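Q: Got a minute to go through a model with me? I'd like to talk over the sheets, the cores and a pocket.

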Amino acid sequence: MERSLGIKIATIVGVTLICIYGIIGIPKNRQELAENFEKNIKLGLDLKGGSQLVLQVQVQDAFKAEADQVIDRIKNELRSASIEYGSFDRNEPTSIETADKIEITAKGIPSAKAGDFRKIISDRFTDWNMTSTSGTDYKLTYKTTAALDLRKKTVGSAIHTIENRIDGLGLAEASVQQRGAAETEPEILIQMPGVDDPARIKQILQTAALLELYEVQDGPFASRDQMLGQFNGILPAGTKAVRGMGSQESWFLLKRTPVITGRDLRDSRAAQDQMNSGWVTTFVLSQDAAQRFGRFTEANINKRLAIVLDNQVRSAPTIQSKISDNGQITGAANQQDANDLALILRAGSLPASVVYLEERTVGPSLGADSIREGLMSGLVGLFAVIFVMLVYYKKSGINATVALILNAIILIAVLAYVGATLTLPGIAGVVLTIGMAVDSNVLIFERIREELREGKSVRTAIDAGFSRAFLTIIDTHVTAIVSSAFLFIFGTTNVKGFAVTLIIGLLANVFTAVFVSKVIFDWELSGNKKVTELSI
C-alpha cells in the first residue's frame with residue numbers, strides 16, 4: 001500500500017473515531033452509552049417536549065430611568081456651577097412605540113445663566129437636543145441615534161439577565177434569543193426543553209429584582225396621605241415615599257439616594273435564619289461597596305435601613321453595629337422563595353419590565369411521537385437508498401453506503417460538538433442531506449461508467465470520473481450552502497434548525513462523497529494485482 005493512501009485511510013479512521021467520541025464518548029456499558037448520547041445530542045422543543053415563552057421588553061421603562069438619571073446629574077451640575085433652577089420634570093411614554101418621545105422639561109433657569117446652562121448640556125449631555133421654550137424654560141429630547149442605541153442596549157441587557165437566571169435554574173438546554181431581524185426588536189424567545197410547567201420560571205423572569213438599600217427618615221405610616229399630613233403636604237427635600245411590602249398598607253419616608261444598589265452585590269445565597277428558623281436571602285457586597293457600607297452603618301447605628309426590592313420596602317431593620325460586607329433580606333415564605341430571590345439577585349436586575357406575549361407547551365408524548373416518526377422516516381429513506389445503490393451499482397454501491405453512513409455520523413457529531421439543538425426541521429435537513437449525498441455518488445458513478453464504456457482502464461476511468469464530477473459537485477454544494485446561509489440569517493428559529501443541519505451535512509458530503517469514496521476505490525485497486533473489471 002502506498003504511503004499517501006495509508007495517510008488518507010488513517011485520516012478517515014481518525015475523523016470517524018473523533019466523531020463517534022463526540023456522540024457517545026467512551027461508555028462502559030449500554031446504560032452509559034444511552035446517557036452519553038442523550039447528554040451530547042440536544043433535542044429541541046418539538047422533539048423533547050417543553051415550554052416556549054415570548055417576552056416583550058418594555059423599553060419605555062429604560063427611557064424613563066435614563067431621563068431620571070439625567071435629571072439628577074443635571075441638578076448636581078447646576079448646584080456645582082451655582083446655577084439656580086425652578087424645577088425639572090419629564091413626560092411619561094406609555095408604549096414601546098412612544099419610548100423615543102421622552103422629554104425633559106427644565107423651568108426657572110435664570111436668563112443671566114442661560115449661556116452656562118447651554119454649555120453644561122451641550123458638553124456633558126451629548127445624547128440630548130435642547131430647545132428653548134421661553135426665556136427661562138427649556139426642553140430636552142433624546143437624539144435618534146442615542147435612542148436606537150438605548151433600545152439595543154436594553155434588549156441586549158435583558159437577554160443577558162434572562163440567560164443568567166435560566167442558567168441559575170439549571171436549564172442547560174434552554175435557549176434565549178431575540179425574536180425578529182432588527183437588533184432593536186424588543187421581543188425575546190425562550191425555549192425550555194423538558195419544562196412542562198413554566199409558572200415558577202415566569203415568576204422569576206418577570207421579577208425586575210432592583211435591590212436598593214436606603215436610610216429611613218420616618219415611618220411606617222398607615223397611608224401616603226397620613227405621611228403627607230405629617231409634613232404639611234410636601235415631602236422634605238431629598239426624600240421619597242415608598243410603599244411597604246405586605247398585605248397591610250404601610251409607607252416609609254426614605255432618603256432619595258440609595259446607599260447600596262444591586263450592582264454592588266458580589267454574591268447572594270439562601271440561608272436559614274438562626275433567630276426564628278425562617279428562611280432569608282443573604283448577600284455579600286463588592287470590596288468598594290463594603291467600605292462605603294461600613295462607613296455608613298458605623299455612622300448610623302440605632303437608625304433604620306430600608307431594604308427595597310422593586311420599589312417596595314421589603315424590611316426596615318435597625319442598624320445594631322457596623323456592617324462591613326454582608327447583609328440579609330428577610331420575609332421569604334420558604335426555602336424556594338429565598339433561593340429564587342438569591343438567584344435573581346445574582347443574575348442582576350432587568351433594565352426594564354417584561355410582559356408575556358405568548359406561552360406554548362409541547363407535551364413529552366408529542367415530542368416522543370415526533371422523534372419516532374422523524375427517525376423512522378429517516379431510516380426508511382436511508383435503507384431504501386442503500387438498497388437501490390447496492391442493486392444498481394453492485395459492489396461499488398458499498399462505497400456510496402459507507403459514504404452515506406459516515407456523512408450522517410459527521411453531521412450528528414458536529415451538532416454535538418458545537419452544542420446545536422436537533423429539531424424536527426433539523427431532521428428534515430438530515431433527510432435532504434442524504435438525498436444530496438446520493439446525488440453526488442450517482443454523479444460520480446455515472447461519469448465512471450461513461451469512461452469505462454469508452455474503453456478506458458479501471459484506474460483511469462475512476463480518476464477521470466471523480467475529476468469530471470468534482471467541479472459539478474462543488475458548484476451545487478456551494479449554491480446550496482449559500483442559500484442555507486441566507487435561511488439561517490433571515491429565517492425563524494425552526495428554519496434556522498433546518499439550515500444548520502443542511503449546511504453541516506453538505507460540508508460533510510463533500511468530504512465523504514469526494515474524498516472517502518475515492519480512497520475506498522484506491523484501496524480496492526492497491527497492490528500488485530491488476531484489476532481489469534469494475535463492479536459498478
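A: Sure, here is a walk through the fold, one topic at a time.

Q: What kind of model is this?
A: This is a predicted model.

Q: OK, sheets. What's the strand order in the one with E2?
A: That open sheet has four strands in the order E7-E8-E2-E18, and the pairing is antiparallel. Strand E7 (175–179) and strand E18 (354–362) are its edge strands, each pairing on one side only. From one strand to the next the twist averages 20 degrees.

Q: How many bridges between E2 and E18?
A: Eight bridges, with strand E2 (residues 50–57) and E18 pairing in the antiparallel sense. For one concrete pair, glycine 50 has valine 362 as its bridge partner in E18.

Q: Which helices pack on that sheet?
A: Helix H6 (residues 144–168) is one of them: it touches E2, E7 and strand E8 (187–193), and its direction makes about 15 degrees with that of E8. Helix H7 (residues 199–206) packs on the sheet too, touching E2, E8 and E18. The direction of H7 makes about 160 degrees with that of E18.

Q: Let's switch to the core. Which residues touch the most other members in the largest one?
A: Phe117, Ile166 and Ile190, out of 48 residues in the largest nonpolar core. H6 gives the most to this core, namely eight residues.

Q: And what is isoleucine 166 in contact with?
A: Leaving aside neighbours within four places in sequence, isoleucine 166 contacts Leu171, Ala174, Val176, Ile190, Met192, Ile201 and Leu205.

Q: What's in the second core?
A: That one is separate and has 23 residues, including Tyr393, Val458, Ala461 and Ala469.

Q: Back to sheets for a sec. What's the order in the one with E3?
A: E3-E4-E6-E5, again four strands in an open sheet with antiparallel pairing. E3 and strand E5 (128–132) stand at the edges with a single partner strand each, so one side of each has no neighbour in the sheet. Neighbouring strands here are turned by 20 degrees against each other on average, direction ignored.

Q: How many bridges join E5 to E6?
A: Five, and E5 runs antiparallel to strand E6 (residues 138–142). Tryptophan 128, for instance, has tyrosine 142 as its bridge partner in E6.

Q: Which strands does H4 lie across?
A: H4 lies across E3, strand E4 (103–107), E5 and E6, and runs at about 170 degrees to E3.

Q: What about the loop after H4, is glycine 86 buried or exposed?
A: Glycine 86 counts as exposed, because its relative accessibility is 51% and the cut-off for exposed is over 50%. Glycine 86 sits in the loop between H4 and E3. Not counting residues up to four places away in sequence, glycine 86 touches Lys107 and Gly108.

Q: Which residues other than glycine have a positive phi?
A: Serine 82 is one of them, with phi near 55 degrees. Serine 82 is in the loop between helix H4 (59–80) and strand E3 (87–90), and is exposed, with a relative accessible area of 58%. Phi of lysine 394 is near 55 degrees as well. Lysine 394 lies in the loop between helix H11 (364–393) and helix H12 (396–418).

Q: Now pockets. How much space is in the second largest one?
A: About 840 Å³. It has 31 lining residues, and the closest to its centre are Phe37, Ile41, Leu375, Ile412 and Leu422.

Q: Which elements give two or more residues to that lining?
A: Helix H1 (3–24), helix H2 (30–40), helix H3 (45–48), H11, H12 and helix H13 (424–453). H12 gives the most to the lining, with seven residues.

Q: Last one: why is E11 called largely enclosed?
A: Because four of the five residues of strand E11 (residues 251–255) are buried, the rest of the structure largely encloses it.

Q: And how is E11 paired?
A: Strand E9 (residues 211–221) joins E11 through three bridges, running antiparallel; in that pairing, phenylalanine 221 has tryptophan 251 as its bridge partner. Strand E10 (residues 239–243) is also antiparallel to E11, with five bridges, and there alanine 241 partners leucine 253.

Note on methods
Residues are numbered from 1 along each chain as its sequence is written. This is a predicted model: local features need pLDDT of at least 70, side-chain atom pairs count only at pLDDT 80 or more; totals for chains, interfaces and linings use all residues. Side-chain values use heavy atoms; hydrogens and water are left out. Buried means under 20% relative accessible area, exposed over 50%, partly exposed in between (1.4 Å probe, protein chains only). Two strands pair if DSSP finds at least two bridges between them. Axes are lines fitted to C-alpha atoms, for helices over the stretch in contact, and angles run from 0 to 180 degrees between N-to-C directions. Contact means heavy atoms within 4.5 Å. A nonpolar core is a set of buried Ala, Val, Leu, Ile, Met, Phe, Trp, Tyr and Cys residues joined through side-chain atoms within 4.5 Å. On a 1 Å grid over the protein atoms alone, a cavity is a set of points where a 1.4 Å probe fits but cannot get out, and a pocket is an open set with protein on both sides within 12 Å along at least five of seven lines; lining residues have an atom within 4 Å of a point. Grid points are joined across faces, edges and corners, and a volume is the space filled by probe spheres set on the points.
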